[in-house]
Amino acid sequence: MGVKILRMKAAVSFSCVTLAVGLSAPAPAKTADMRIEQRGRWFVDQSGRVITFHGGNVTLPEFDKPQQPRWTAETSVRMAEQGFNGVRLVIFFSRVMPQPGQIDQSYLNRIAKAVAAYKAAGIHTLIDFHQDQYSEKVGVRGMPDWAVFSDGYSRMPGVEFPIGYFKDPAVQRSFDNFWKNHPVPGMGKGVQDLYVEGLAAVARRFRDEPAVMGIDIFNEPATGSRCAEPDPAKANCPELEQQLLKPFYEKAAQAISRAAPRMIIFVEPFMLQGALGTPINTPIAGPSGRRALSFHNYGPVKATRDRVNDGALAHVIRSDAAIINTEWGFSNDPAEIVGQAADFDARHISWLAWTRGSFEALVDPKLPNVGNGNRVALLRAYARPFAEATAGTPVMMSFDPDKAVLTYRYRTQLGNGRRAAGGETEIRIPAIHYPNGYKVAVVGGKVRSAAGAPLLRVRNDANAQNVIVTVSRVGVLPPLPPSEGEPDRKDAGLRTLPPIPAGPLTRRSLIGHIVVTPGGRALLDREVPGMLQGLSHVSGWERMTFADIQRFASGTLTEEKLRQIEADLATLHVTPGPVQQAGRLSIDSMTSDLIADPRARAILDREAPGLTASGKQGLFPQTRLRNLQPELPGILTPSVLARIEQALAALK
């Protein structure tokens, strides 16, 4: 690609420069002119440049709880050093308005401290009004107790997130009454009215703060008792988008606009639409120039992710709204993260990830790394160079993480038809991918930033219609350090399972017992693609059975499908007794663990020659061998993986 770029001829004059630069310490962040607006599907700055965001979800820094560090004085600086320019700050209505009609100003002050800290590093903040299963009283968190009207139902014992949305009447009725705007005793107002007052109070506090890109009105709203289905065959209820979301979003948007006339208003689809792939037709609210869709995409299957991304993008184009993905990831497998990030880059969709451990700990090595696995491996997957500000219209962006080669093409014409000749495009260069510097090749523009700049600046040539920028690494990456983080929690429960009983596996077997049986995980992935990754979000998934899952996925787990699964399970060889998953090597082991074991290494060298010397070594410490198959299809063919699995199963 780079050679072709350097040799191409344009219809207009162009210049081509190649520079070798080394990354220096981060320059002081620019905090002026941070105000963001919306133009069509794009976010734009005050000069009309297209703005793209990469970052993650964060919580309020616990300045008052030093025993639970979520923040150091270097956290925001380290975040910017790795190229991130946006965060979604999770806040809770229970803290904004702990009593009906009473705004907690001290809580708003804490929000303001966090916004200021990120702003100082040049990072924008999206303020997210967050909830999970409505509230702590009936679910997990979000709404204050006074806003819970559950019609006498109490939390159903033993029901973990997110199953409460689909099975627990206490959660469902609480949402029903929120949508009905249930009266709050003694206030003369409904619960929804007071929630909107809370939105307005936060908007008013930050109306003149350009580093706040906007307010996310309601995280993952649920339908309540109507259409409470996670089953893709049953979960599409478009009438509820108009009946429930539309009036609420319009009321909220009007209140925010009165309080903060320049603030962008972000709306979300119903809970789980992103993971299920159901059509997104979320009613967009707010005036043109200040409206955006915040959607989530946890789809474990690429075809589903593509359907969600393409559907969301088509919807915002029809609706004159900007687009940003505000939750994705939640995996400690770098290969999965790289693939999902590439999906967004291909569509020029901004994103803010939801990591398993804290996003702050991912970027700040001074923080305890709880839940993120190999911090360096994951950071390499998330931290990608990208065009933060484009003096024109994006056309193509791709990044090869193995070679650290970014290729970016854009038209110099802006969305409003004006030419951005002479404008500057700014590309964030994450330090973790370029420890020894980088080379730059530009067609149609000139590099204007200093050598070693973490922010690469390219000025368009006066007559250029297109600009192509290629960035490549100088030297090689150092080896990954050993992981100091906790293991991926989705397998932690396997070590506490009861002994495996004798006899064949059936639909009544624990899912965990199926997973630890040789061939079981592959069988489940084949018959019910994406189920295991989806279940990893649910506490206690390894002790569920197909009967438990079928209750909320009957359209997928039909009786015919269950009979097929049961027939396949009967062919697996079961070893009764205590679960030995922790010590057994398989194609679901981390690749680095297999290579470190001399017996397993010999199997890999025999069955998959070239694997251990491949250019994908950076993925080995935190990627299961089977998950490497899409990255190395010529080496890890299905038949090769089957032979490796059989040979590993024979090891003592």
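The structure holds 37 salt bridges. The model is a predicted one, and a few of these pairs make a good way into it.

One of them joins the side chains of Arg-262 and Glu-37, with N and O 3.9 Å apart. Arg-262 sits in the loop between helix 8 (238-259) and strand 11, while Glu-37 belongs to strand 2 (residues 37-39), so this salt bridge ties together parts that lie 225 residues apart in sequence. Arg-262 is partly exposed, at 42% relative accessibility, and Glu-37 is also partly exposed, at 32%.

A second pair brings two helices into the picture. The side chains of Asp-343 and Lys-302 meet in a salt bridge of 3.4 Å, N to O. Asp-343 lies in helix 11 (residues 334-347) and Lys-302 in helix 10 (residues 302-319), so parts 41 residues apart in sequence are tied together. Here the two partners sit in unlike surroundings: Asp-343 is buried, with a relative accessible area of 6%, whereas Lys-302 is partly exposed at 43%. Both residues also belong to a network of salt bridges that links Lys-302, Arg-305, Asp-306, Asp-310, Asp-343 and Arg-347.

Strands can be joined in this way too. Glu-424 forms a salt bridge with Arg-459, and their closest N and O atoms are 3.3 Å apart. Glu-424 is in strand 18 (residues 424-428) and Arg-459 in strand 21 (residues 455-460), so that the pair links distant parts of the chain, 35 residues apart. Glu-424 counts as buried because its relative accessibility of 14% is under 20%; Arg-459, at 31%, is partly exposed.

The wider fold can now be considered. The protein contains 21 helices and 22 strands. Eight of the strands form a closed barrel in the order 5-6-7-10-11-12-13-14, with parallel pairing. From one strand to the next, the twist averages 25°. Helix 7 (residues 191-205) packs on the sheet, where it touches strand 6 (86-91), strand 7 (124-129) and strand 10, and its direction makes about 165° with that of strand 7. In general, the strands of a sheet pair through backbone hydrogen bonds, in either a parallel or an antiparallel sense. Within this barrel, strand 10 (residues 212-216) and strand 11 (residues 264-267) pair in the parallel sense over three bridges. Asp-216 has Phe-266 of strand 11 as its bridge partner.

Taken over the whole protein, 59% of the 652 residues count as buried. Among contacts with a separation of 6 or more, 74% involve residues 24 or more positions apart. The protein exposes about 25,500 Å², of which carbon and sulfur atoms supply 53%.

Technical notes
Residues are numbered from 1 along each chain as its sequence is written. This is a predicted model: local features need pLDDT of at least 70, side-chain atom pairs count only at pLDDT 80 or more; totals for chains, interfaces and linings use all residues. Side-chain values use heavy atoms; hydrogens and water are left out. Helices (H or I, at least four residues) and strands (E, at least two) are DSSP runs, numbered from the N terminus. Buried means under 20% relative accessible area, exposed over 50%, partly exposed in between (1.4 Å probe, protein chains only). Contact means heavy atoms within 4.5 Å. Accessible areas come from the Shrake-Rupley method with a 1.4 Å probe; for residues, only the protein chains shown count as cover. Two strands pair if DSSP finds at least two bridges between them. Axes are lines fitted to C-alpha atoms, for helices over the stretch in contact, and angles run from 0 to 180 degrees between N-to-C directions. A salt bridge is a side-chain nitrogen of Lys or Arg within 4 Å of a carboxyl oxygen of Asp or Glu.
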